[in-house]
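Welcome! Below are some short exercises, each with a worked solution, to help you find your way around a new structure.

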Amino acid sequence: MRANADSAGNLTVTSSESWLVVLAGVLAGGAIAVWFGSQPPSITAAWSAALALGALACSAGWERSRFVFDRRARELVWKRWTPFRRAEGRAPFGEIQSLSLERAFGSHGQRSNAVRLVVHTTGGVIPLTTSYEAARGRYTRIADQIAEAVSAAIPGEARIPIVE
């Protein structure tokens with residue numbers, strides 16, 4: 001996940017699970033390459049099908065998101081998409097109540113170190129990604145940037161809290 005501010009003070013937070021696309025390409029290449037080997041056709045077909053299904057699974061998990069905190073319009077405009085679903089929306093800065101680093105549950109129901117950044121609004125929660133990542137420090141810095149961008153756009157308002 002990356003956050004970039006432009007000259008107008010807008011903050012854009014983007015995320016892309018690009019490594020899944022690379023892995024899908026490698027698996028798809030493997031699905032083709034097995035046909036050039038000297039295996040019997042039944043084994044070649046089985047390997048090719050397994051690798052192709054792996055490539056499809058990796059492609060299905062490829063999530064991209066773009067969250068723009070528009071200072072002039074004083075609103076969050078967001079979009080999150082995968083090859084099989086799309087979600088998007090808007091939230092005025094006045095509806096943003098807090099930000100949080102939400103922790104995932106690990107094995108045996110215990111909290112893990114993986115987190116995701118979530119925007120809490122009066123209309124509900126908006127996670128910046130559906131996946132969790134072991135990047136607490138980076139996500140904390142991005143949360144600080146978001147809180148600063150939103151607070152700077154609404155003079156006189158208290159800074160948006162970041163809760164754990």
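**Exercise 1.** Place L23 in its helix, then decide whether L23 is buried, partly exposed or exposed.

*Solution.* Start with the helix: L23 is found in α1, residues 18-33. Helices here are DSSP runs of H or I with at least four residues, strands are runs of E with at least two, and both are numbered from the N terminus. Next, take the accessibility: L23 has a relative value of 35%, so L23 counts as partly exposed. The scale calls a residue buried under 20% relative accessible area, exposed over 50% and partly exposed in between, with a 1.4 Å probe and protein chains only. Finally, look at the company L23 keeps: W19, V22, L23 and V26 form a nonpolar surface patch with about 420 Å² of accessible area together. Such patches take residues with over 30% relative accessible area and no salt bridge, joining nonpolar side chains (Val, Leu, Ile, Met, Phe, Trp, Tyr) within 5 Å and like charges within 9 Å. The areas come from the Shrake-Rupley method with a 1.4 Å probe, and for residues only the protein chains shown count as cover.

Before going on, note that this is a predicted model: local features need pLDDT of at least 70, side-chain atom pairs count only at pLDDT 80 or more, and totals for chains, interfaces and linings use all residues. Residues are numbered from 1 along each chain as its sequence is written, and side-chain values use heavy atoms, leaving out hydrogens and water.

**Exercise 2.** Work out in which order the 5 strands of the open sheet lie.

*Solution.* The order is β1-β2-β3-β4-β5, with antiparallel pairing. At the edges are β1 (2-5) and β5 (85-92), each pairing on one side only. For one pairing in detail, β1 and β2 (residues 11-16) are antiparallel over 4 bridges, and R2 has T14 in β2 as its bridge partner. Two strands pair if DSSP finds at least two bridges between them.

**Exercise 3.** Trace the partners of β7, starting from its 8 bridges to β6.

*Solution.* First, β6 (residues 96-105) and β7 (residues 111-121) run antiparallel, joined by 8 bridges. Here L99 stands opposite V119, and L101 has L117 as its bridge partner. Then β7 meets β8 (residues 124-127), antiparallel through 4 bridges, where V119 stands opposite I126. A hairpin of 2 residues joins β7 to β8. Lastly, β6 also pairs with β9 (residues 162-163), in the parallel sense over 2 bridges, and L99 has I162 as its partner there.

**Exercise 4.** Which residues does the salt bridge of E75 and the salt bridge of E102 involve?

*Solution.* A salt bridge needs a side-chain nitrogen of Lys or Arg within 4 Å of a carboxyl oxygen of Asp or Glu. The whole structure has 6 of them. E75 pairs with R90, the closest N and O atoms being 2.5 Å apart. This pair links β4 (residues 75-82) with β5, 15 residues apart. E75 is buried at 18% relative accessibility, while R90 is exposed at 57%. E102 pairs with R116 at 2.6 Å, N to O. E102 lies in β6 and R116 in β7, so the pair ties together parts 14 residues apart in sequence.

**Exercise 5.** Describe the surroundings of E148 in helix α3.

*Solution.* The helix covers residues 136-153. At 46% relative accessibility, E148 is partly exposed. D144, E148 and R159 share a network of salt bridges.
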